[in-house]
Amino acid sequence: MKTLKVNIVTPDGPVYDSEVDMVSTKAQSGELGILPGHIPMVAPLQIGAVRLKKGGDTELVAVSGGFLEVRPEQVTILAQSAETAEAIDIERAKEAKGRAEGRLQGSRDDVDFRRAELSLKRAMNRINVSERNF
């Protein structure tokens, strides 16, 4: 069976580099499923999980936005941040979730609600990927 080479890269360096059977992720235009031979495309990504199917296994990587570039035999994801499920510090993610929820529940004028909302989404994504709730 044909495979795709997948690279997930952040400003801090590479996070994932392997051959997979299928890539699934959420672009801003909707859910994408990519198989070998897919037409070339570029799409902005939402905060979410990238599901990488290899054989009977599925690996998860939490990404916080970025771009997906698809070529017939290669997928490159340029993400603002990305972590494999195994690399996520679950306690740190839960603390970030609590801080973001606290900011959203407060009624102070100095709180940037959009920023707090994005922070909560990133924390929830990391927790879900770590616990494999996808």
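**Exercise 1. Find the domains of the protein chain, and say how far apart their C-alpha centres lie.**

Solution. Start with the domain assignment: it gives domain 1 as 4-84 and domain 2 as 90-131. Keep in mind that this is a predicted model. Next, take the C-alpha centres of the two domains, which lie 24 Å apart. Finally, list who takes part in the contact: nine residues come from domain 1 and six residues from domain 2.

**Exercise 2. Describe what domain 1 and domain 2 bury between them, and name the residues of domain 1 that supply the most.**

Solution. Begin with the area: about 610 Å² is buried between the domains, 66% of it on carbon and sulfur atoms. On the domain 1 side, I47, A62 and E83 supply 63% of the area buried against domain 2, more than any other three residues. Now turn to the polar side of things. The domains share one salt bridge, and the side chains of E83 and R126 meet in a salt bridge at 2.6 Å, N to O. Four residue pairs are in polar contact between the domains. As for strands, β5 and β6 each supply at least two residues of the touching side of domain 1, and β6 gives the most, with five residues.

**Exercise 3. Work out which strands supply the largest nonpolar core.**

Solution. This core has 21 residues, and V6, I8, V23, L52 and V75 have the most contacts inside it. Each of β1, β2, β3, β4, β5, β6 and β7 supplies at least two of its residues. Then zoom in on V6: beyond its neighbours within four places in sequence, V6 is in contact with Y16, D17, S18, V20, V23, L52 and V75. Another core, of six residues, lies apart from the largest one and includes A49, L60, A85 and I88.

How values were computed. Residues are numbered from 1 along each chain as its sequence is written. This is a predicted model: local features need pLDDT of at least 70, side-chain atom pairs count only at pLDDT 80 or more; totals for chains, interfaces and linings use all residues. Side-chain values use heavy atoms; hydrogens and water are left out. A nonpolar core is a set of buried Ala, Val, Leu, Ile, Met, Phe, Trp, Tyr and Cys residues joined through side-chain atoms within 4.5 Å. Buried means under 20% relative accessible area, exposed over 50%, partly exposed in between (1.4 Å probe, protein chains only). Helices (H or I, at least four residues) and strands (E, at least two) are DSSP runs, numbered from the N terminus. Contact means heavy atoms within 4.5 Å. Domain bounds come from an automatic or database domain assignment. Buried area is the accessible area (1.4 Å probe) that two parts lose on being put together, summed over both. A salt bridge is a side-chain nitrogen of Lys or Arg within 4 Å of a carboxyl oxygen of Asp or Glu. A polar contact is a pair of N or O atoms within 3.5 Å; within protein, one must be able to donate a hydrogen and the other to accept it, and residues adjacent in sequence count only if both atoms are side-chain atoms.
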